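This report goes through a structure of several chains, taking overall dimensions, a sheet, some helices and the chain contacts in turn. Please read it alongside the sequence and the coordinates displayed here.

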Amino acid sequence: MRARLVRSLTTVLLTVLLGGLIAAALVRRSPGFGIDEREFDARYGEDGIRHIREEAKPSGRGILPDYLRFLAHAATGDLGISASFHRPVSALLAERFPETMHSAGAGLAFGWTAGMLLALAATALARPTFDLGAGAAAALFLCLPSSVLALAMMLAGGLGENRAAAAVIALVIFPRVFRYARAILGRTAAAPHVLMARAKGVPPLRLLWAHLIRPSAAAILALLGVSVSVAFGAAIPVEVLCDSPGLGQLAWQAALKRDLPLLIDITLVVSLLAGISGLAADVLRPSRGVEES
Amino acid sequence: MKPLRRAAIILLAAIYLAALSAGWIAPAGYARQFRESPGVRPSAMFLLGTDELGRDSFARLLYGSRVSLTLAPAAAALATLVGAVAGVGAGYWGGWIDTCLARVMDLFLSVPWLFLLLTVRAALPLNVRPLESIGITFLLLGLLGWAGPARVLRAAARDMKSEDFMIQARARGCGPLRLLRFHLLPNLAPVLAAQFWTSVPLFILSEANLGFLGLGVAEPLPSWGNLLAGLQNMDAVSSCPWRLAPLVLLLVVMACFHLIVPMEDFSK
Amino acid sequence: MNARWGCFAVGLLLVPPSRSARIPEPASGGELRFCLHAEPKNFNPLMVSEEPDEAVRFLTGGVLIRLNRQTQVLDPELAESWQILDGGRKIEFRLREGVRFSDGSPLTTADVLFSLRSVLDPALHSPAGEPFRTGKDVPSVSQPGGRRILVSLAAPMAGVDRLFDEVPITSARSVERSAHPSEMPVLGPFRIVEYRPGSSVLLTRNPFYWKKDKGGRRLPYLDSVRLVIQQNRDLELVRFLRGEIHLINGLDAESFERLAAKSPGEARDMGRSLENEELWFNQVARAPIPAYRKQWFRSREFRRAVAQAINRADLARLVYRGHAAPAIGPVSPANLAWFDQNLHVPAFDPDAALARLKTMGFSLADSVLRDREGHAVEFSLVTNSGNKSRERLAAMIQQDLARIGIRLNVVTLDFGSLIERITRTFDYESCLLGMVNVDLDPGGEMNVWLSSASSHAWNPAQPAPATEWEAEIDRLMREQAVATSFARRKALFDRVQEIVVDQAPVVVLVDKNALSAVSRSLGNVTPAVLHPQTFWNIDRIYFRGGAAH
């Protein structure tokens, strides 16, 4: 078990490092990289523009050597200087990470709770009208742009940027969790052993826990890893709109300015979170009967 | 076929037909600007009023449906299909195949593919037609968006391969491909449907978000994404509730997909 | 009778004067709040280049001369007087006495020398020094004696005094502490006490600020200013309507209308600003575009035809809801001193545009315009994404040109990609962007009009002028830069404007109005068309009713 865990962690780490390299390559090759908006500012003369271009020019070393150099510095705690904020990336991440953790974490918790409760209720009641209503609610939140949700939250007033961001993330997560959990729970509920248990008069709560939730847990938990990525992905437009000073807002500004050090670091963080959440979902998966290797 | 499902099919077909027939239904077109009538209320001439430039909102909704109703479900289907192949394959075969594919999924979920979209857009000629440009964007979104569905399908497949019916089928001598085709995939259909269903609005809305980076639909072509983005002006929406029409239509289409795409009847 | 009058007189003495008899004084106190639309990046006043940083510098910094944003006339600030000497080669300042930094230390000539030398140092690349760098020689700064400072330029520069509105006066120890902005001693009305990244910047009154009002009260009236970092303009308006912020600069037309409907007195339209929207064609010889298109773009008749086919009045009416005006030329009439009064709004006349194109051999058939060689007239227009007004402008121009058979393909790009195309790769055909004339004086536009300049939008950094009219503009601009008489400079710059309108290398579409939101709880706010619009007189703004905000 321990060996398997070490192996899994190693593969996650390698994936994270590869993710950083791919991000570096994509950013370096994208249009607008190495361009400073001040190049079109008429206040700057020839010398000024030349200096701006020199400052913004990427090193001529190549993507892989630069990336390895970056990793070497990162190993000592130096995550580089943000080209757009002119501050150490480590300081920026330290400031912004708690905000996003808070809003994404709260959003995930509320979104999962609401989605699961509704899915369980729909499965337990097994009424088409309830299914339709719950499905309609889920569809509504899926179809509303996060910008509109964010504005609605802010307009509702009194929520503050962090809570508004958490609320919007919850509304983004909830329909996905509901839809998926409903499908899994519905399939399990139609299984013969559940029908047998119901016929034998097993109490509802025991039926729910032992015969519905436990057998479906593995499949539902798989969504956890994906929903962490979805939550952090949703955090970007939501934090920008709610002006919540988190990682999402940082990532958006970094993307607009092609801030390479910041983008690599954010990719590493998100890759790590995605990898660990996926790993956690696999580890938490209850073992089931005979499994082929 | 259940009556509700039949009705959903008819309604969806009617919407698609209306979108395809936009040229006859709204002959003024989506681009023509009636500059003396900007922002007018619905009337006989303008069924949903006009926008800020005097363009017929009903025509723009119909023409926008063509873009969004064709490209978004296609991108969602592509993402779900690729996700199914990767996820089910990883979950079913396990071992090093599963490990490798799981890590590839993690990569696809975390790398900023946005920059690939920007690079591809920059490589296209400037005078490319708006429909071609947005078509390429949706194709890329579909090819890049497979990791989410793949992850959940992987877990579902892993879970299902040790079910009794699978063990029985293997014991009876079913080969791997037959097991996949006749036993695993049909039972994964609800999960596949759920993934497809949640992906369609996601792709429609992502087109609007990508518009901020110049990757959305170019003027004057409308899309549901850029029509829905107009809902941000809440004052305008509250005073002109017909501006909610794109949202209502999207909800109707989503409901139709929900009823049409094969799923288990949970009411049994 | 006498006793009665006596009592009345005593009564008058005892009764306090009525409110209507007393002139109300501006109340002190309160915290003013408004938004910055991006994170401040640099608190070092010498290296400020972006809008949020400039706002902070305006509130905290001191300058020798200040351009009065209302009258557009130069006022003395830290320099109590100045004079231009030697035909514009020198400028001498007399420093005001008794000025202190926010930590109580006096402003000395050493501080002014440090500031000026740093700004002018080519190695530092201070943005404030850019306008002074006209050649290889570095201007020198000296102290002739007493509290006089002399700046000697390599060559005469007309209107050099106005440049000192952007030159910050600071101290070496202030610059050293710019990484910790709350520790920086400053000369302006406010000083930074707290910076919360991603959230806000809090400034409080500088207790040693040198200005006083007519009644002898030390300014500013406000206790503090909080700059809230808020990028979303819709939310900014919501916050204003809720009373959470008190000012908004640069309101867009749609938001202005929403505010005017809900709170008419708080929406302010100051009329034409110095901001416009313009379109230009790529005339770079090495641009990677088809040769026949280059030929079109280089043709004066083609550019004039396009200019004539665009309905500017509709653009102003529909996109800006009437809060803009059809542009007349490259200089807005809001620039009171330098706008050429002889110019008129170009006529919208698609028929005349078509006739002009026909003289060049173009022909219109089946609603498609073709050139002499049979190429359909089709080209792309790039602009930046995420700007709704600009995208609507592009859509309207597309329709206008379709009337004369031209197919315009609108391409929106993110700003970085756009700048790369128009400044480096030149892989574009036409471009639509907004321009802000920060400097009223044409001397500040040398980098736009000189053909060798990098910001010469349609064909930058030419080794030699590609056309006769560009050579003529070069000559006129260089001559006005050294002329000493305003009348002569005006005549020269008028001619530049006339050439630009005639040749149409840029098609100036609309001059936008300066729109802002001002809370009715504030007094003495007189928005100007020049930046920073609403808070240019921050030291005299006050809350009606005192410190309850």
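## Basis and overall form of chain C

The structure described here is a predicted model, and every value below is computed from it. Chain C is built from 15 helices and 21 strands, and its C-alpha trace extends over about 105 × 60 × 50 Å along the principal axes. For a compact globule of 549 residues a radius of gyration near 24 Å would be expected, and the 27 Å of chain C agrees with that.

Of the 549 residues in chain C, 52% count as buried. When contacts between residues at least 6 apart in sequence are considered, 66% of those in chain C join residues that are at least 24 apart.

## An open sheet of four strands in chain C

Chain C holds an open sheet of 4 strands, arranged in the order β4-β5-β7-β6 with antiparallel pairing. The edges are formed by β4 (79–85) and β6 (140–145) of chain C, each of which pairs on one side only, and from one strand to the next the twist averages 25°.

At one edge, β4(C) and β5(C) are paired in the antiparallel sense through 6 bridges, with A79(C) standing opposite L95(C) of β5(C). These two strands, β4(C) and β5(C), make a hairpin with 4 residues between them, and in its turn D86(C) has a positive phi of about 55°. At the other edge, β6(C) is joined by 4 bridges to β7 (residues 148–152) of chain C, the two strands running antiparallel, and V141(C) stands opposite V151(C) in β7(C).

Helix α3 (residues 109–120) of chain C lies across three strands of chain C, namely β5 (90–95), β6 and β7, and runs at about 160° to β6(C).

## Covered helices in chains C and A

Helix α2 (residues 51–60) of chain C is mostly covered, since 7 of its 10 residues are buried. The buried residues of α2(C) are D53(C), A55(C), V56(C), R57(C), F58(C), L59(C) and T60(C), and what covers them includes four strands of chain C: β1 (31–36), β8 (190–196), β9 (200–205) and β10 (224–229).

In chain A, helix α10 (residues 247–257) has 8 of its 11 residues buried and is therefore largely enclosed by the rest of the structure. Those buried in α10(A) are L247(A), G248(A), Q249(A), L250(A), A251(A), A254(A), A255(A) and K257(A). The helix α10(A) is followed by R258(A), which has a positive phi near 55°.

## A helix pair in chain B

Two packed helices are described by the angle between their axes and the distance between the axes. In chain B, the axes of helix α3 (residues 57–93) and α4(B) come within 7 Å and cross at roughly 145°, and the crossing of α3(B) and α4(B) is left-handed.

On the α3(B) side the residues that meet α4(B) are A86(B), G89(B), A90(B), G91(B) and W93(B), while α4(B) brings G95(B), I97(B), D98(B), L101(B) and A102(B). By residue class, this contact of α3(B) with α4(B) comprises 6 nonpolar, 3 polar and 1 charged.

## Contacts between the chains

Between chains B and A, 51 residues of chain B are in contact with 58 residues of chain A. On the side of chain B that touches chain A, two or more residues come from each of α4 (95–110), α5 (114–123), α7 (147–161), α9 (176–210), α10 (224–229) and α12 (245–260) of chain B, and α9(B) gives the most, with 9 residues. The residues on this side of chain B divide into 31 nonpolar, 12 polar and 8 charged.

The contact between chains C and B takes 24 residues from chain C and 19 residues from chain B. On the side of chain C that touches chain B, at least two residues are supplied by each of α9 (312–319), β16 (378–384), α11 (388–402) and β17 (407–413) of chain C, with α11(C) giving the most, at 7 residues. Here the residues of chain C divide into 8 nonpolar, 8 polar and 8 charged.

Conventions: Residues are numbered from 1 along each chain as its sequence is written. Chains are lettered from A and ligands numbered from 1 in the order in which they are written. This is a predicted model: local features need pLDDT of at least 70, side-chain atom pairs count only at pLDDT 80 or more; totals for chains, interfaces and linings use all residues. Two strands pair if DSSP finds at least two bridges between them. Axes are lines fitted to C-alpha atoms, for helices over the stretch in contact, and angles run from 0 to 180 degrees between N-to-C directions. Two residues are in contact if their C-beta atoms, placed from the backbone, lie within 7 Å. The radius of gyration is taken over C-alpha atoms; the globule rule is 2.2 Å times the number of residues to the power 0.38. A residue is buried if 20 or more other C-beta atoms lie within 10 Å of its own, exposed if 12 or fewer, and partly exposed in between; C-beta atoms are placed from the backbone. Ala, Val, Leu, Ile, Met, Phe, Trp, Tyr, Cys and Pro count as nonpolar, Asp, Glu, Lys and Arg as charged, and the others, Gly among them, as polar. A crossing is left-handed if the near helix is turned anticlockwise from the far one by less than a right angle, and right-handed if clockwise.
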